[in-house]
Amino acid sequence: MGDSYDAADIQVVDFDEHVRRHPEMYFGGRHGGPDRATHIVSAVLGHALHPAARLGPAHTARVEAGIQGDLTFWVADDLVDDAWDGDRPPPGCYGSLLGPDRWICAAAAALSTRTVVEVWRDGRGFRQELSGLRPVEDPGEFDAPAGRGTRVLFQLDATWAGTALPTDLASLDLHGPDCDGPLGPGHVTLRDLRDPHGPATFRLR
């Protein structure tokens, strides 16, 4: 018979290590492809429009995003986990502010040198810096904006993400083949802040 394996052949790896070994499983594209950063941005923005059901229905979130540099971008939405532990957000992956409902953001953080997460609601806000997906500090309070929301900034690691984020932003596909629901009020406003003549703004639905 063919090759066999047993429990001794099973290797258990942490989530962030698995993302680095198999990024195509999380973001699509081919392993080691030159367009990895494009797939990462598209997946993060697409997940913001199609959040976990516990956060909100698909196509309803209002998302703001910006590309600040060749490998730096941020995304913010008006969704937040209501299951706060008292007056603080619950701990997520490795004690970070990125919980399982934001697994695509967690996967993107695993391919980043630095990630900053901000969460706010009811006048209280918490910010936390991560190295990759691992916290370098406990969440600290900051002056929260009005309403509620989540903002995540990623500084992608060129080792995993390539050399630059895309420039053809208007063509990003945020839905994919499995999205068959009707469009709603949600949208993504994406600003390319790399343009020295002023940010180019795209509205994606």
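In which strand is glutamate 118 found? I looked this up first in the model, which is a predicted one. Glutamate 118 belongs to strand β3, which spans residues 112–121.

**Entry: glutamate 118.** I then asked whether glutamate 118 is buried or exposed. Its relative accessible area is 11%, and because the cut-off for buried is under 20%, I recorded glutamate 118 as buried. I next looked for a partner of its side chain and found arginine 127, joined to glutamate 118 by a side-chain polar contact of 2.7 Å. With sequence neighbours within four places set aside, I listed the contacts of glutamate 118 as Phe126, Arg127, Phe142, Gly149, Thr150 and Arg151. Arg127 thus appears in my notes both as a contact and as the polar partner.

**Entry: threonine 72.** I located threonine 72 in strand β2, residues 72–77. Its relative accessible area is 16%; this is under 20%, so threonine 72 also counts as buried. Which residues does threonine 72 touch, not counting those up to four places away in sequence? I noted Gly66 and Ile67, together with Leu153, Phe154, Gln155 and Leu165.

**Entry: helix α4.** I turned to α4, residues 103–110, and found it mostly covered, with seven of its eight residues buried. The buried residues are Ile104, Cys105, Ala106, Ala107, Ala108, Ala109 and Ala110. What covers the buried residues of α4? I recorded helices α1 (15–21), α2 (24–27) and α3 (36–49), as well as strands β3 and β7 (149–156), among the covering elements. Strand β3, part of that cover, is the strand that holds glutamate 118.

**Entry: largest pocket.** I read a volume of about 280 Å³ for the largest pocket. Its lining consists of 16 residues, and those nearest its centre are Ala43, Gly46, Leu174, His175 and Gly176. The elements that contribute two or more residues to this lining are α3 and α4. Helix α3 supplies the largest share, five residues. I sorted the lining of the largest pocket by class and obtained seven nonpolar, seven polar and two charged residues.

**Entry: second largest pocket.** I noted about 210 Å³ of space in the second largest pocket. It is lined by 17 residues, of which Asp81, Pro90, Leu97, Leu98 and Gly99 are the closest to its centre. How does the lining of the second largest pocket divide by class? I entered 10 nonpolar, three polar and four charged residues.

Technical notes. Residues are numbered from 1 along each chain as its sequence is written. This is a predicted model: local features need pLDDT of at least 70, side-chain atom pairs count only at pLDDT 80 or more; totals for chains, interfaces and linings use all residues. Side-chain values use heavy atoms; hydrogens and water are left out. Helices (H or I, at least four residues) and strands (E, at least two) are DSSP runs, numbered from the N terminus. Buried means under 20% relative accessible area, exposed over 50%, partly exposed in between (1.4 Å probe, protein chains only). Contact means heavy atoms within 4.5 Å. A polar contact is a pair of N or O atoms within 3.5 Å; within protein, one must be able to donate a hydrogen and the other to accept it, and residues adjacent in sequence count only if both atoms are side-chain atoms. On a 1 Å grid over the protein atoms alone, a cavity is a set of points where a 1.4 Å probe fits but cannot get out, and a pocket is an open set with protein on both sides within 12 Å along at least five of seven lines; lining residues have an atom within 4 Å of a point. Grid points are joined across faces, edges and corners, and a volume is the space filled by probe spheres set on the points. Ala, Val, Leu, Ile, Met, Phe, Trp, Tyr, Cys and Pro count as nonpolar, Asp, Glu, Lys and Arg as charged, and the others, Gly among them, as polar.
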